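Thank you all for coming, and please have the sequence and the coordinates open in front of you while I talk. I will go slowly, since this structure is new to most of the group.

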Amino acid sequence: MSCQYHQHLLLPLLLSLLTAGVSSVEVQRPRGVSLSNRQFYEEGKPFTCLDNSATIPFDRVNDDYCDCKDGSDEPGTAACPNGSFYCTNAGFRSSFIPSSRINDGICDCCDTTDEYNSGAACQNTCRELGRKEMESLEKMAEIAKEGYRLKQLLIQEAKRGLEEKKKKLQDIQVTKKDLEDKVEALRTVKETAEQPEKEAKERHLKAWEGKFRFRNWCIFFFSLSVSVAELLSHSELNPDSDDSFTEAEAQVIILIYSKLKITDYEIIVCFMLDLLFVCRNLEKEISFDFGPNSEFAYLYSQCYELTTSEYIYRLCPFNRVSQKPKYGGSETNLGTWGKWAGPEDNIYSVMKYEHGTGCWQGPNRSTTVKLTCGKETVVTSTSEPSRCEYLMEFISPAICQEPSSLESYFHEHQEL
Amino acid sequence: MAPVVVLWLAMCLGGTWAVDKGNFKTCDQSAFCKRQRALKPGESPYRALLETMELTNTRLTLQLINDNNKVRLLLELYRLQGNITRVKINELKPLKPRYEVPDVLIREPPTEPLSLLSQDENGVVLSLGAESQRVIVSARPFRLDIMEGREVLMSLNSRGLLAFEHLRMRKDTTSPLFFLFFFFFQSTFSLWIISVFCSFLSIVSDSLFCPSPYHPSFSYKAENVDEEKVEDGMWEETFKSHTDSKPNGPSAVSLDFSLPGVEHVYGIPEHADTLRLKTTDNGDPYRLYNLDVFQYELYNPMALYGAVPVMLAHNTQRTTGIFWLNAAETWVDISSNTTVFGKMLDYVQGSSETPQTDVRWISESGIIDVFIMLGPKPKDVFSQYASLTGTQSFPPLTSLGYHQCRWNYNDQEDVKSVDAGFDEHDIPYDFIWLDIEHTDGKRYFTWDTHKFATPKEMLQGLMDKKRKMVAIVDPHIKVDSNYKIHNEIRSRGFYIKNKDGGDYEGWCWPGSAGYPDFTRIDMRDWWASMFAYDQYEGSMENLYTWNDMNEPSVFNGPEVTMHKDAMHGAWEHRDLHNTYGFYVQMATAEGLIKRSGGVERPFVLTRAFFAGSQRYGAVWTGDNAAEWDHLKISIPMCLSLGLVGISFCGADVGGFFKSPSTELLVRWYQTGAYQPFFRAHAHLDTPRREPWLFGPENTALIREAVRQRYTLLPYWYQQFYQAHRTGQPVMRPLWVEYPQDPATFTLDDEFLIGKDLLVHPVTEEGARGVTAYLPGKDEVWFDVHTFQRHNGAQNLYIPVTMSSIPVFQRGGSIIPRKLRVRRSSTCMEHDPYTLFVALNSQRKAEGELYIDDGHTFNYEKEEFIHRRLSFANNILSSLNLAPDAKFTTQSWIERIVILGASKPSKITLKAADGQESQVEFEFDASMSVLTLRKPGMNSGADWTVTLQ
C-alpha cells in the first residue's frame, strides 16, 4: 500500500499539476525542494533557514546534518526530525512526505526519488497511478454529473411533494372544522340516548388506555374486518411501539375491537382524531430538514437493506437503523433518527442515529451514516468500528455536488 | 459482535465493575492455608537427628523427625556456586513420590564443597566458604541459622513453623489387609524406617512397641503420638459449587524464615500492590496462585495471573533473596516485629532489639526446595537468581518499539486503515495486534474466513512497511471434531485428564474446550511444530504470538481455573498449577524459533508466568482498567517483576476495561513509553482510542511520547542485552542502585531504566508538578529535555504541563540515541547515533554502545558490536569491549552532546587509522551544553575525541 502524504489536494489543482508534471522540464534545485521553494535555495549563496533561525553555508544544505530548527536545510535527507521532502511525481500528483521516510527502504514517492540511497527496489509508478487516478476521476465525474442531474429531479419532486402536502393540509383543516361542528351536535344526542351504556364503555376504554393508543383504535375502525396479516403490515398500530409487531399482538387487538359496539358519535370522533393525526404528520414532514432544497425528502418512509455474512442491516432514513441476524434471531435497534451530523461546511454528509438498544455494560447502540454521491440510493457497507457504534456507508444522488469545476478540468485533461 | 461472549461473561462473572472477591478463596477458604496458618509460632516438633548426618563433597543430608508423629523428613543442604544455599526437605519415605518442580532451573545448580567446622550434641556448624559464612544446624528443635561473622543473615524454622503434612492413607477407606501389605512392604527397608511405619501402625494399635534407635529414650509413650485427626478439607474440599477430591489427602508444606535487621521485603509477584511488601498480620497472606481475575482490585494481596515465588530482603547493609521452588498454590505471610531469638542466637547476637521481618511460606503440595541467595548487593542477588532460572530472553529490537492492540481489530480493512492512520499522523509503531476475534470461532491457528480472508496479503502489507503483527494463540482448544488441532491433540492423548481419566473439558472463549498438557515435552514439541509456516496457515515471518488465558483460565472451573484434581500424567494439577502458563509460553517460543530454523529470536507475550518465564518473552499485567490508580500501580507491578528476573514487563496503555479520559490516556502513553513493554490495548466494549482520535493537540502529545521511546531504542536494546547477559533488571527500583539510601526504599512513583535514566512520570490527574527524588549525594542529574543540571540526594519539585515527562540522565553516563525517528524501528536500522554524554562532578562519564542485526541469534556467534564509551580528562573514546566479535554497521555518529561541559577552543577527532580532523561544535553557555557537529565516525570503529 502506498503511504502518500497530503493527498487531499483540490481536484482542479491536482489536474493542473498533472498536466504541468508531464509538460514541464525538471528544474535544477536541491533534492527534496518543491518548485515553489526553489527560490530560497540559491546555489553557492548562504542559506537562511525558512524560519530564519540560522544562516548556514550552502554546502550544509542536504549535508545529512540538521542545522535548522524547522528542518529546512535538509529537504533531501532524513537528518531533521521535522523536515519534509517534495516528491515531484511527474505523471502523477506531486506531494510532500515527512523526511523521515527518505531512504527508509520503503517506496513512498511514485517517482522513487525518496529512496535514492537505501537499496530499495522501487519502480516508478507515477504514470500508472496517474492513469488510474484519471480513470477513477473520470468515473467519479461521470457519477457526479449523473448524480447531480438526478438530484435536480429529486429537488423538483420534493418541491411538488411539498406543495401537495401543504394543500392537503389546508383541505384537511377545512374538513376538520366541519367535523368539529358535527361532533358537537351528535354529542348531545349521544349523551341522552346512551346513558346506560356509558359506564361499561368507560371501563373498556380504561382497559385499553396505556396499552393501545386511542388513535390506533380509531384507525382500525375504518378498516373493520381486516385480517391479522393486514394488521401486521400497519406497524404504526403496534401497541408497544419499540418491539416488533407480533402476530399474537395483532390477534389480541382484533379480538378486543370485534367485541365493541360502535355508535355514529364514536365513528365521527375517531375520524376526527385520525385527521388530527394525519395533520400532525403532514406538519412534521413539511417542517422536516430534508436538506437545503429538500433533496433528501425522497428518503422519507423508505428503507434500504444490506446483507452481510452474518446480518441483515436496514436503514430507514429519518426513522431508524436496525440489524437482524441472517439465520434467525430478533432484530436489534441500532439507533433512531437523531440529527444531521456532518462537519460544519457539509452538515448533510453524515446522519446520526442514536439511542438504540443498550449494550451490556456499554452505551446504547448508535449509527453514523456517511453519505456519498452516487447514481443510485444504496447502502454499500456497514461496520462496527467500536463496540455498539456502527458505521454505515450510504450512496445517494441527493448529496452530489454541482460538477462544474470537474467539467472544465476534464476538458483540459482530454487535451493531454 | 459477540453476544455469546457477552452473555457468558454476564453469567459467570457478574455485571459489576469490580472484582468479585467471592469468586476467589481467602486463606480461610483454602483448607491447607487455614490449617497451616492456625499453627502458631512456638517450639517446633521437629528435631534434627544429627547422627544421621552425611556430609559429602557436594551436600549435607540429615534426617529430621517430628516428635509428635515420628514421621521423618530428609533435609538436604547444598552450597551452590555464587553464594547460594539450597535447602531441600522431603519426606524420608513418602507413601508415593512428592512433586519436585522440573524445567524451571536451567540446570542442576553446580555445588561447592561444604566443610564441617564443629559439631556437638546440640548442633553442627558448617562453613559456607566465602566471607566467614556459616550455617548452624541446631538439633532440638531443628533450625538453621545462616551467619556471617557474628551476624545472623537468615534463620529457618526459628519460629517453629516448619510443617510437613506427610502423605497418609485415608483412614475410613483403608482396610486392615492393606496394613498387612503395607507392613510387609515397609519391612523390607532398613531399620529406621520402622519408626515411620510405627506412626501408621499406631493408628491401629496403641500397644505396639516401636523400637527407635535414634530416639533418646529409645521408646516413646504411645499417647504422645499425635493421633492425626482428620479435619475438614483434608480429603475433600468444596468451594462454591466445586468439589476438590483430594485422593492424596493433606500434603501441605510450610517453613518460616526470619530476617534480622530487615524492614523491607520485595518481590513475590504478581500482586497489584506497592513495591514494598506489607505485613499480613491483619489480613490474608500474599497469595501465589495463577488466576484470571476479572477486574482486579488494587492494593491487596490477592493472587493474579502469574506467580514468582521469590522474595528479596533489603537493608542498607545487605540484600538477600529467598526462592521457594514450589508450583502449587502458595501463601506468604509477612510479619515484622522484634521477636526474641532462640537461645543460641541470643548468645551470639547479644541484643534482640534489632528490627526483624519474619516470613512464612505455605504451599499445598510438593516439597520444600528453597534457594537462599545471600547477595550481598542487589546485583549479586540478581546474578544468583539468574544462575538458577536463567536471564531475560534477548528480545528482537522491534519488540521494544510501540505496540498497537485492541480487542479487536475487526478485519483486514480495519488493520489497513489503522496502519495507514499511523502514517497519516506520523506516529511510529512496530506491531499491530489481533485478539481472539480474528480466529475462525476461537479456533487458534485459524483465521476468520470473512474478516481475515487473506491473512498473508495483510501481513505482506505490514511487511512492506517493515512492520509486524501479533496474533493470539490461547491454550484452550475448542472441542470440535472438525478442528485439526483438537483432533490431533485428542488422538495423541495430549489433553490434561480429569480425575476420572477422561479428557478434561472446561468452558472458555470457544465454548467447551480441552487443555493440552504442556508439562509434557512431547506435547510441547508437537505444539511448537504447529507454528511451522506450512502448519499455521496464513502465518508469515512477521507474525508473532500472544498467549493469553494460560493460568489456565477455565470459566466454569473453581476460581475460574482448572480443577486441582485434574491429572497431568501421574501428577495432579494441584502440584504444578503455577507452571502451566510458563510451559505454554515455553512451547510457543520454541515454535517461533523452530519455524525459522533456529535463526530468528521469538517474541511471545504471556499473561501467566512462573519463575523462569523470563527466558521465553514478555509479560503484561493483565486486564487492568482505565483509572489513574491503575496507571500508578503499573510502576510497582513491573518493578516487582523486574526484581525477580522478568524484565520485559508492561501494562495495557490506556487501561483495558473502561474508557480513559484524554488526560489519562496521554499520561499513560507518557508512562508506558518509559516502561519495557509498550503496548496500548482496549476492551471490546470500549470506544476506539487510536492515538489520533482525541484532537490534534493530544495526537501531538502522544506522538511526542512515542517518539521519545523510539529515540531511546538503542539504550533500551542495550539494557535488554545486559539483562540477557547478566540478569540485572531493566526497569529498576532506585534502591537497587542506591542500596544504602533508605529514602529510595519505598518509592512507587519513579524508577530507573538501567542505572542511567531516572523516570518520574506524571500519574496524577490534573498535576501541576511532581516531586522527584534524585538519589545519590555525589550524583548530578540532567533533565533530558532542558539539560538542566540538578544535584543528587534531593527532592526536586518539577512543574509540569501536559507535555511533561520528567526524565533525568545520571551525570557520569553516556547514552546513545537515534534522533531520526521513522515509522518503525526497522526503518531506523542504519541511522546514525547521537551520544549524550552527561558529565559527573569529576567531569567523567561512561557508557556503552551495543549493535547487532536486531533479530537473529547470531549475536551468540559473536556477531555484534559492543563498545565502551568513556569520557575522562577531556577525551571521549570508544573502546572495543568484544575484540573477537565481528559485525559491521552502516550507522555512524552524527552528533555528540556533552552535558555539563565547558567551552573548548578546539575539538580534534582521531580516527582508527590515526588520521586527525577538527570537529565543529556549538556551545550553549546558559546550560553548559557542548554539541559536536557531525563527527561522522562509524559506530563500530575505534576513535577518540579530544576537547582542548
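I will take the interface first, then the cavities, and then a few local features of the backbone and the side chains.

Before anything else, please keep in mind that what you see is a predicted model, and that each value I quote was computed from that model.

Let me begin with the place where the two chains meet. On one side, 35 residues of chain A are in contact with 42 residues of chain B, and together the two chains bury about 3400 Å² between them, with 45% of that area on carbon and sulfur atoms. Eight salt bridges are counted between chain A and chain B, and one that you can find for yourselves pairs the side chain of B:Arg823 with that of A:Asp104, at 2.9 Å from N to O. If we count polar contacts between the chains, keeping to pairs in which both residues have pLDDT 80 or more, there are 18 residue pairs.

Which elements of chain A give two or more residues to the side that touches chain B? They are strand E11, residues 378–386, and strand E12, residues 389–396, and of the elements, E11(A) gives the largest share, which is three residues. Sorted by class, that side of chain A has 15 nonpolar residues, twelve charged ones and eight polar ones.

Now let us turn to the enclosed spaces. The model has twelve cavities of 30 Å³ or more, and the largest of them holds about 240 Å³ of space. Its lining is made of 22 residues, and those closest to the centre are B:Trp509, B:Met549, B:Arg607, B:Asp623 and B:Phe656. In terms of class, the lining of this largest cavity has 14 nonpolar residues, six charged and two polar.

The second largest cavity holds about 130 Å³, and of the 14 residues that line this second cavity, the closest to its centre are B:Lys25, B:His242, B:Asp244, B:Pro558 and B:Lys564. Two strands of chain B, E12 at 236–239 and E13 at 242–245, each supply at least two residues of that lining, and the largest share, three residues, comes from E13(B). By class, the lining of the second largest cavity divides into six charged, four polar and four nonpolar residues.

Next, some points along the backbone of chain B. Where should you look for a cis peptide bond? One joins B:Arg140 and B:Pro141, with omega about -10°, and B:Pro141 sits in the loop between strand E8 (133–138) and strand E9 (143–148). Another cis bond runs from B:Gly375 to B:Pro376, where omega is near 10°, and B:Pro376 belongs to the loop that lies between strand E21 (368–373) and helix H6 (378–389). In addition, B:Asn157 has a phi near 60°, a positive value in a residue other than glycine, and B:Asn157 is found in the loop between strand E10 (151–156) and strand E11 (163–164) of chain B.

Finally, let me come back to salt bridges, this time over all chains, where the count comes to 84. One of them is formed by the side chains of A:Lys167 and A:Asp171, at 3.8 Å from N to O. Both of these residues lie in helix H2 of chain A, which covers residues 126–193, and they are four residues apart, about one turn of the helix.

That is the end of the tour, and I am happy to go back to any part of it.

Definitions and conventions: Residues are numbered from 1 along each chain as its sequence is written. Chains are lettered from A and ligands numbered from 1 in the order in which they are written. This is a predicted model: local features need pLDDT of at least 70, side-chain atom pairs count only at pLDDT 80 or more; totals for chains, interfaces and linings use all residues. Side-chain values use heavy atoms; hydrogens and water are left out. Contact means heavy atoms within 4.5 Å. Buried area is the accessible area (1.4 Å probe) that two parts lose on being put together, summed over both. A salt bridge is a side-chain nitrogen of Lys or Arg within 4 Å of a carboxyl oxygen of Asp or Glu. A polar contact is a pair of N or O atoms within 3.5 Å; within protein, one must be able to donate a hydrogen and the other to accept it, and residues adjacent in sequence count only if both atoms are side-chain atoms. Ala, Val, Leu, Ile, Met, Phe, Trp, Tyr, Cys and Pro count as nonpolar, Asp, Glu, Lys and Arg as charged, and the others, Gly among them, as polar. On a 1 Å grid over the protein atoms alone, a cavity is a set of points where a 1.4 Å probe fits but cannot get out, and a pocket is an open set with protein on both sides within 12 Å along at least five of seven lines; lining residues have an atom within 4 Å of a point. Grid points are joined across faces, edges and corners, and a volume is the space filled by probe spheres set on the points.
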